[in-house]
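Reader: I have a structure to go through for class and I don't know where to start. Can we look at it together?
Author: Yes. Put it up and ask as you go.

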Amino acid sequence: MTLAPDGGMTLNDSKSNLALTKSDNSSPPPFPEGGLQAWLTVLGGSMILFCTFGAVQSFGVYQAYYSSHYLSQYVASDISWIGSVQTFLLFFGGLPAGKLFDEGYFHHCIGAGSFIYLFSVFMLSLAKPHQYYQIFLAQGIGMGIGMGLLFLPAISVTSHYFRRRRAAAMGVVLAGSSLGAVIYSIMLNNLFNGDAGFGWGVRAAGFIDLGLLVTANLIMKTRLPSRRERPDAKPVDLKAILSDFGYWLCVIGATLTFWGLFVPFFYLQVFSEYHGLSKNIGFYAIPIMNASSIFGRTIPNFLGDVIGPFNVMIPCTIISGGLLFLMFAATNLGGTIAFGILYGFFSGGYLSSDRFTTCSTRIGITSFLISFALLTGNPIAGALVQHDRSYIWYRPLVFASVVVLAGAACLTASRTILSKRKNTNRL
């Protein structure tokens, strides 16, 4: 989800995006900046992210439950591969989904993605204890493929209706993921550890997903003509993208940041329970972080419309990297709540400000590369944290903090290049 630092670019209206090039000086088409259909599309996008990225951010509940019950014979690194593959496919799917979206197959894409995702959720509910391959196929592969087809179109279609207020609209869409993570985390923790059990807990989430995804498919609509409907549309200048050093610095920065950013979302509940907090407190550690992330994904976006997304994203990234060291203090009630609130807000601020460029090719390239960081980051943290069935927490936290701060350094360098190119500090 990266804002590409490509200056001097203009607009080619296509259904999937407003493709930016450096050679076209045409004026952009008018944007509604609101209206019933625009906000229905934003609502539908928020519903899709509620189901998909909300599930990603609540994986810590599954991590804790699998470690203690369903997959207790497996180490933390093995279990985290399930969530990492799921997240990898969510971003990796941006490459084919972006192309389909660009060609005008928006409803085909989210329709197929909804079916695959819902089928996989209900298959997960049938998985048996200690059957790793069943859980991996349903949750890691199946749900991940469905997410990949849903995620990018749900975000990109917002650009059809908003330009001046795009950051604010995108913040509303992204806030859906945090709200979903809050609800799913609380609901699944109580159902998994109550009378309902794992199977009916997953099914309950599946029925919520069913209602939301059907509604989203019905209310979301595109506005701009697709590339198929505009045969005279200029092709994207791949040479310009490949030679854009500022853009690649931005991609590297985003990749490094995503490599460590989600470690607390996977391990905070395990961390708090390991340090003696009651299960009730542990259950609410992730929901607290995700609830704070709702504000982090909306408030900074409104500020980003005023001072520029880079000027919001970089401080949020630096603070998130520093806060990872404070997870060491989350060994009591006060420390857990304080860390959850602060990290949820600032990591959410990064995720919302680090938004897509309007060029689908750049979106696809960025998503593709970020996906590999998400695939490996949490398993690396799992391998670092667990040694001979004991936990050594400083190793994954130092790893996560260092790579996030390194990402912030690359983003700062990218901003410097863009500032000189555009001759402005409002970036």
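Reader: How many salt bridges does a search of the whole structure find?
Author: Two. Keep in mind that this is a predicted model.

Reader: Why would side chains pair up like that at all?
Author: Side chains of opposite charge can pair when their charged atoms come close.

Reader: OK, which residue does Lys99 form a salt bridge with?
Author: Its partner is Glu103, and the closest N and O atoms are 3.2 Å apart.

Reader: Is Glu103 buried or exposed?
Author: Glu103 has a relative accessible area of 16%. Buried means under 20%, so Glu103 counts as buried.

Reader: And what does Asp244 meet in a salt bridge?
Author: The side chain of Arg421, at 3.0 Å from N to O. This pair links distant parts of the chain, with the two positions 177 residues apart. Asp244 sits in the loop between α10 (238-242) and α11 (245-261), while Arg421 belongs to helix α18, residues 394-422.

Reader: Are Asp244 and Arg421 buried or exposed?
Author: Asp244 is buried, at 2% relative accessibility. Arg421 is partly exposed, with a relative accessible area of 34%.

Reader: How many positive and negative side chains does the protein chain have?
Author: There are 27 positive and 17 negative ones. The centres of the two sets lie 4 Å apart.

Reader: Stepping back, how many helices and strands are there?
Author: The protein chain has 18 helices and four strands.

Reader: What radius of gyration does it have, and what would a compact globule have?
Author: The chain has 21 Å. A compact globule of 427 residues would have a radius of gyration near 22 Å, so the two agree. Along its principal axes, the C-alpha trace spans about 60 × 40 × 35 Å.

Reader: What share of the residues is buried?
Author: 61% of the 427 residues. As for the outside, the accessible surface comes to about 15200 Å², and carbon and sulfur atoms account for 68% of it.

Reader: How much of the contact count comes from residues 24 or more positions apart?
Author: Among contacts with a separation of 6 or more, 83% are between residues that far apart.

Reader: Can we take some single residues? Where is Leu249, and what is it in contact with?
Author: Leu249 is in helix α11. Neighbours within four places in sequence aside, Leu249 is in contact with Cys410, Ala413, Ser414 and Ile417. At 12% relative accessibility, Leu249 is buried.

Reader: How far apart are Leu249 and Ser293?
Author: In sequence, 44 residues; in space, 26 Å from C-alpha to C-alpha.

Reader: And Leu179 and Ala291?
Author: Those are 112 residues apart along the chain, and their C-alpha atoms are separated by 6.7 Å. Leu179 lies in helix α8, residues 166-192.

Reader: What else does Leu179 touch, and is Leu179 buried or partly exposed?
Author: Leaving aside neighbours within four places in sequence, Leu179 is in contact with Phe50 and Ile294. Its relative accessibility is 41%, which counts as partly exposed.

Reader: Last one. Where is Ser46 found?
Author: In helix α1, residues 36-51. Ser46 is buried, with a relative accessible area of 15%. Beyond its neighbours within four places in sequence, Ser46 is in contact with Val172, Val173 and Gly176.

Definitions and conventions
Residues numbered from 1 in each chain as written. Predicted model: local features only at pLDDT ≥ 70, side-chain atom pairs only at ≥ 80, totals over all residues. Heavy atoms only, no water. Rg over C-alpha atoms; globule rule 2.2 N^0.38 Å. Buried < 20%, exposed > 50% of the residue type's maximum accessible area, 1.4 Å probe, protein only. Contact = heavy atoms within 4.5 Å. Areas by Shrake-Rupley, 256 points an atom, 1.4 Å probe, with all protein chains shown as cover. Lys, Arg positive; Asp, Glu negative; His and termini not counted. Charge placed at Lys NZ, Arg CZ, Asp CG, Glu CD. Salt bridge = Lys/Arg side-chain N within 4 Å of Asp/Glu carboxyl O.
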